[in-house]
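Here is a short set of exercises to work through with the structure open beside you. Try each task on your own before reading its solution.

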There are 2 protein chains.
Amino acid sequence: MSFILGLCQMIVEKDKQANLRKAESMIREAANRGAEMISLPEIFNCPYSNKFFREYAEDEQGQTVKLLSSLAKELAVYLIGGSIPEIEDDKIYNASFIFDREGKIIGKHRKIHMFDIALAGGISMKESDILTAGETMTLVDTEFGKIGVAICYDVRFPELIRNMTLAGAKLIVLPAAFTLLTGVSHWDITMRARALDNQVFFAAVSPARDPNGYYQAYGHSCIATPFGEFCARTDTRESIVLGEIDFEYMESIREQLPLLKHRRPEVYRQAAEQDYYGGK
Amino acid sequence: MSFILGLCQMIVEKDKQANLRKAESMIREAANRGAEMISLPEIFNCPYSNKFFREYAEDEQGQTVKLLSSLAKELAVYLIGGSIPEIEDDKIYNASFIFDREGKIIGKHRKIHMFDIALAGGISMKESDILTAGETMTLVDTEFGKIGVAICYDVRFPELIRNMTLAGAKLIVLPAAFTLLTGVSHWDITMRARALDNQVFFAAVSPARDPNGYYQAYGHSCIATPFGEFCARTDTRESIVLGEIDFEYMESIREQLPLLKHRRPEVYRQAAEQDYYGGK
């Protein structure tokens with residue numbers, strides 16, 4: 001069973017309504033071009049900056065979720081709503097809403113790992129100043145099988161992606177907005193390695209790079225195969241990435257090179273009792 | 001604190017004595033060029049083929065271990081003895097002996113994951129037909145800090161490398177003999193991803209490619225930094241790779257991008273109780 005996945009690498013600007021219009025037009029175009037599942041990038045309705053998250057935050061009754069739900073239903077596609085600042089009980093999350101072909105919310109991922117970094121050269125970010133972290137991994141059931149959703153910095157933690165795989169995810173979609181520096185150095189190998197190690201399809205969806213924007217995203221939205229190769233990857237510009245997700249190919253890779261079958265959990269657990277989850 | 005690590009990418013041939021002479025000369029050359037820690041490749045004294053493992057197998061009293069011990073002592077270097085077929089109680093292991101500057105065995109790693117694959121195109125191998133798998137991860141204490149040792153296919157399992165990191169390994173050395181196909185597709189990204197995700201130095205030591213040999217190894221022995229970049233990497237030919245292992249640089253990477261600090265073990269464990277170590 002195979003289907004077309006579409007990734008909308010859109011420019012995110014300051015005007016929320018313009019962002020929603022852009023998301024809508026790219027979702028429509030991806031559907032027109034045959035995508036049955038479509039994803040937006042991380043924080044697609046708001047500039048990626050702590051100072052905007054509270055102002056732009058919405059809840060499940062908000063305009064953004066309503067728009068995405070109605071688009072999923074009208075176009076009869078699965079829709080991974082990138083992520084938006086979500087507010088609940090006065091807490092703000094970096095959250096991805098996931099919709100089925102009827103526009104129903106079938107899952108919501110709240111970013112688990114807060115991006116608190118200070119790179120030499122001046123790039124720094126401290127999401128935890130304003131955002132609250134999620135507490136669980138996210139899988140949704142679709143007619144194609146289980147799909148995992150994580151957000152950006154979550155991908156840095158191989159444990160999470162492994163757990164999603166062992167729980168049955170065959171495709172993992174990652175709305176993500178890497179910086180230029182970490183993008184150049186780490187984007188390609190991280191996406192390919194997660195796909196390869198777990199023998200899943202792995203898709204990463206970035207905003208397009210906007211030289212005038214608040215945040216310079218790396219771009220290069222891509223789909224990596226269970227053999228660790230890209231089957232689709234764009235550059236930095238606004239564009240739609242389309243790729244075939246073919247789970248029969250995945251099964252053939254898992255038969256030829258049975259990594260998941262060759263795991264030695266009893267050996268890892270032995271070490272784990274002392275170290276893996278030990279200390280903090 | 002930094003030191004030079006030397007990797008001996010040697011051609012492995014059918015004649016065991018020639019292999020031992022080659023290993024000795026390359027170890028001497030690496031030491032002359034300033035290496036304080038030196039590693040040989042996987043199965044360096046024997047052709048990499050099930051049909052030779054029993055015939056070439058030795059125990060801790062054998063010629064190979066004696067030679068390596070005396071070289072480590074004479075040259076006053078740490079020596080990671082690639083790997084050899086080891087025999088104990090009639091069982092054969094793919095084992096790496098590790099020596100300190102006095103020539104004392106300070107650790108031994110037995111390959112944990114058996115390479116049993118059948119790739120489309122005809123490349124197949126079934127180590128488990130003749131080899132017995134090891135049961136524990138391997139770390140040794142050195143004056144530079146803890147060093148982890150794993151062998152080839154062990155690297156495919158991110159759990160193992162993560163456990164080694166959490167147990168304190170700052171450098172992981174992997175004698176390895178990837179095939180041409182998996183080498184081209186997976187060698188670079190796997191080595192870089194393990195280094196990057198765990199923010200350790202990661203060194204992989206392959207045999208050189210010998211067009212007339214029993215086994216076509218990928219070559220490309222390399223050292224990846226805690227930022228996921230290569231600081232040294234060779235081609236397919238017989239050669240010595242030298243690279244600086246600088247743990248202050250490692251610490252600065254870990255401060256700028258605190259991946260290990262940002263792990264969420266409580267979230268992984270939650271999933272783990274159901275899935276990660278679940279099943280068998």
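**Exercise 1. A helix and what follows it**

Which residue just after α4(A) takes a positive phi? Once you have found it, work out how well α4 of chain A is enclosed.

*Solution.* Keep in mind that this is a predicted model.

Step 1. The residue is A:Gly168, with a phi of about 115°.

Step 2. Now look at the helix, residues 158-166 of chain A. Eight of its nine residues are buried, so helix α4 is largely enclosed by the rest of the structure.

Step 3. Name some of these buried residues: among them are A:Pro158, A:Glu159, A:Arg162 and A:Met164. Charged side chains are therefore worth a look here too, since A:Glu159 and A:Arg162 are both in the buried list of this largely enclosed helix.

**Exercise 2. How the two chains are related**

Find the rotation that superposes chain B on chain A, and say what kind of axis it describes.

*Solution.* Step 1. Chain B falls on chain A after a rotation of 180°, with 0.0 Å of shift along the axis and an RMSD of 0.0 Å. That is the relation of a two-fold axis.

Step 2. To place the axis, look for B:Ile189: among the residues of chain B, its C-alpha comes closest to the axis, at 2.8 Å.

Step 3. Compare the two sides of the contact. Of the interface residues of chain B, 100% are also interface residues in chain A, so the copies meet through the same surface.

**Exercise 3. Describing the interface**

Describe the contact between chain B and chain A by its residues, its buried area and its polar pairs.

*Solution.* Step 1. Chain B gives 53 residues to the contact and chain A gives 53 residues.

Step 2. The size of an interface is often given as the accessible area lost when the parts come together. Here the chains bury about 5,200 Å² between them, and 58% of that is on carbon and sulfur atoms.

Step 3. Turn to the charges. There are eight salt bridges between chain B and chain A. One of the places to look is the pair B:Arg162 and A:Glu159, whose side chains meet in a salt bridge with N to O at 2.7 Å. Polar contacts across the interface come to 26 residue pairs.

Step 4. Ask which elements of chain B take part. β7 (116-118), α4 (158-166), α5 (180-198) and α7 (265-276) each give two or more residues to the side that touches chain A. The residues on that side divide into 28 nonpolar, 11 polar and 14 charged.

**Exercise 4. A buried charged pair**

Is A:Glu42 buried or exposed, and which residue forms a salt bridge with A:Glu42?

*Solution.* Step 1. A:Glu42 has a relative accessibility of 1%, so it counts as buried.

Step 2. The partner is A:Lys111, with the closest N and O atoms 2.9 Å apart. A:Glu42 sits in the loop between β2 (37-39) and α2 (50-56), and A:Lys111 in the loop between β6 (105-110) and β7 (116-118), so the pair ties together parts that are 69 residues apart in sequence. A:Lys111 is buried as well, at 1%.

Step 3. Check chain B. The side chains of B:Glu42 and B:Lys111 make a polar contact at 2.9 Å. A polar atom of the B:Glu42 side chain also lies 2.9 Å from the backbone nitrogen of B:Ala177.

Step 4. Look at the next residue, B:Ile43, in the loop between β2 and α2 of chain B. Its phi is near 45°, a positive value in a residue other than glycine, and B:Ile43 counts as buried at 3% relative accessibility.

**Exercise 5. A pair along one helix**

How many residues apart are A:Glu24 and A:Arg28, and in which helix do they lie?

*Solution.* Step 1. Both are in helix α1 (residues 16-32) of chain A, four residues apart, about one turn of the helix.

Step 2. An α-helix has 3.6 residues a turn, so residues three or four places apart point the same way.

Step 3. A:Glu24 and A:Arg28 form a salt bridge, with the closest N and O atoms 3.1 Å apart. A:Glu24 is partly exposed at 25% relative accessibility, and A:Arg28 is partly exposed at 26%.

Notes. Residues numbered from 1 in each chain as written. Chains lettered and ligands numbered in written order. Predicted model: local features only at pLDDT ≥ 70, side-chain atom pairs only at ≥ 80, totals over all residues. Heavy atoms only, no water. Least-squares fit on C-alpha atoms with pLDDT ≥ 70 in both. Contact = heavy atoms within 4.5 Å. Buried area = accessible area lost by both parts, 1.4 Å probe. Salt bridge = Lys/Arg side-chain N within 4 Å of Asp/Glu carboxyl O. Polar contact = N/O pair within 3.5 Å; in protein donor to acceptor, adjacent residues only side chain to side chain. Nonpolar A, V, L, I, M, F, W, Y, C, P; charged D, E, K, R; others polar. Buried < 20%, exposed > 50% of the residue type's maximum accessible area, 1.4 Å probe, protein only.
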